[in-house]
Amino acid sequence: MTKEQKIEFVIKTLKELYPTIPVPLDHKDPYTLLIAVLMSAQSTDVRVNQITPLLFEKADNPYDMVKLTVEEIREIIKPVGLSPMKSKGIHGLSKILIEKHNGEVPQNFEDLEELPAVGHKTAGVVLSQAFGIPAFPVDTHILRLMYRWNLSNGKSVAQTEKDAKRLFPMELWNDLHLQIIWYGREYSPARGWDLDKDIITKTIGRKSVIDDYYKTKKS
């Protein structure tokens, strides 16, 4: 298969599997999405979706959020982990949104990445899912799959993002990054991986990855 055929195969398979794409984090607007994505660092989406309703009941906009203390925010979000850093980030970014952006979430990487606790990936998720602006946020699933599929060397998130943007058409980025995440969770996980169910890796996967899989299975 040529690289072009591989890319076509990936796009076609993901479209067939995920014609409608669920968004992993529950939210109702750009602000609640921003907070949910920030909270999801080193936590599961399931856990975040359990905790955000409790936080948003008290404050679902920056004006109400700054009325809470960092301690109060921390108390609510403790179960998602890294709560000291995340509660400071949530309080701090809410303050900046009010002071610099009229309480609105900005629609560009530069302003988003200036907010406390907001990195490139978080900014990318917000731009793509809240505003429909093309972005390709790379999480652990995308990093793993782009390597398994021999479409990136897996050395870094930045390199994987670069490769994904170069290989896939821009108009598909926002759907594709979510489709790859769902595929990674369901068919190509890091642990408990069954290659027979993982049609994409089985068809176009990196030879060394497939060889290692069978070696491990034998031992």
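According to its unreviewed UniProt entry, the annotation "domain: HhH-GPD" covers residues 39–186. In the model, which is predicted, this span is 66% helix and 0% strand, and the C-alpha atoms at the ends of residues 39–186 lie 23 Å apart.

Within these residues, helix H3 (residues 45–58) comprises 14 residues and reaches 20 Å from its first C-alpha to its last, close to the 20 Å expected at 1.5 Å a residue. H3 nevertheless carries a kink of about 30 degrees at Thr52, shortly before the proline Pro53. Thr52 is also among the buried residues of H3, together with Asp45, Val48, Asn49, Ile51, Leu55 and Phe56. The cover over these buried residues includes helix H2 (30–39), helix H4 (62–65), helix H5 (70–77), helix H6 (83–101) and helix H11 (173–186).

Helix H11 also packs with helix H9 (residues 140–148), at an angle of about 80 degrees and with the two axes 9 Å apart, so that H9 is roughly perpendicular to H11. On the H9 side the contact is made by His141, Ile142, Arg144 and Leu145, and on the H11 side by His177, Ile180, Ile181, Tyr183, Gly184 and Arg185.

A further buried position is provided by Val126, which is found in helix H8 (residues 120–131) and counts as buried because its relative accessibility is 0%, where the cut-off is under 20%. Although Val126 and Leu33 are 93 residues apart along the chain, their C-alpha atoms are separated by 6.7 Å. When neighbours within four places in sequence are left aside, Val126 is in contact with Leu33, Leu34, Val105, Leu112 and Phe131.

Conventions
Residues are numbered from 1 along each chain as its sequence is written. This is a predicted model: local features need pLDDT of at least 70, side-chain atom pairs count only at pLDDT 80 or more; totals for chains, interfaces and linings use all residues. Side-chain values use heavy atoms; hydrogens and water are left out. Helices (H or I, at least four residues) and strands (E, at least two) are DSSP runs, numbered from the N terminus. The expected span of a helix is 1.5 Å times one less than its number of residues. The bend at a residue is the angle between axes fitted to the seven residues ending there and the seven starting there. Buried means under 20% relative accessible area, exposed over 50%, partly exposed in between (1.4 Å probe, protein chains only). Contact means heavy atoms within 4.5 Å. UniProt positions are given in the numbering used here, feature names are shortened, and annotations may be inferred rather than shown by experiment. Axes are lines fitted to C-alpha atoms, for helices over the stretch in contact, and angles run from 0 to 180 degrees between N-to-C directions. Angles under 35 degrees count as roughly parallel, over 145 as roughly antiparallel, 65 to 115 as roughly perpendicular and the rest as oblique.
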